[in-house]
Amino acid sequence: MPVPEDDAPDLTESPWSERLAEAPVLRGRPKSQQTKVSTTIRLDADVLEEFRAQGPGWQSRINQALRDWLARN
């Protein structure tokens with residue numbers, strides 16, 4: 001059975017190789033304007049379970065809960 005022709009351009013040839021060489025390499029997520037601080041905190045197991053049970057983003061929800069508490073006090 002014959003191999004089908006590849007429609008993709010050869011990126012090692014000009015002008016593709018020059019374009020690839022000039023392209024900026026961006027890795028990771030964009031930097032946030034408000035950076036976070038890594039810390040260790042001890043929480044009751046049932047509190048942590050409830051936040052984790054709500055799915056991804058549980059750390060952000062804990063952060064928001066603490067912000068809400070600070071705003072009330």
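The paragraphs below follow this predicted model from the segment before its helix α1 to the charged surface at helix α2.

Residues are numbered from 1 along each chain as its sequence is written. Because the model is predicted, local features need pLDDT of at least 70 and side-chain atom pairs count only at pLDDT 80 or more, while totals for chains, interfaces and linings use all residues, and side-chain values use heavy atoms, without hydrogens or water.

In the segment before α1 lies proline 15, and the peptide bond that leads to proline 15 from serine 14 is cis, with omega near 0°. Most peptide bonds, by contrast, are trans.

Helix α1 covers residues 16-22 and includes leucine 20, where a helix is a DSSP run of H or I with at least four residues. Leu20 joins Leu11 and Trp16 in a nonpolar surface patch whose accessible area is about 290 Å² together; patch members have over 30% relative accessible area and no salt bridge, and nonpolar side chains are joined within 5 Å, like charges within 9 Å. Accessible areas come from the Shrake-Rupley method with a 1.4 Å probe, and a salt bridge is a Lys or Arg side-chain nitrogen within 4 Å of an Asp or Glu carboxyl oxygen.

Over the face of tryptophan 16 lies arginine 19, at 5.2 Å from the ring centre, and arginine 52 lies over tryptophan 58 at 4.6 Å; the rule asks for CZ of Arg within 6 Å of the ring centre and within 35 degrees of the ring normal.

Asp44, Asp46, Glu49 and Glu50 form a negative surface patch, and aspartate 46 belongs to helix α2, residues 45-53.

How values were computed. Lys and Arg count as positive and Asp and Glu as negative; His and the chain ends are not counted. The place of a charge is taken as NZ of Lys, CZ of Arg, CG of Asp or CD of Glu. Helices (H or I, at least four residues) and strands (E, at least two) are DSSP runs, numbered from the N terminus.
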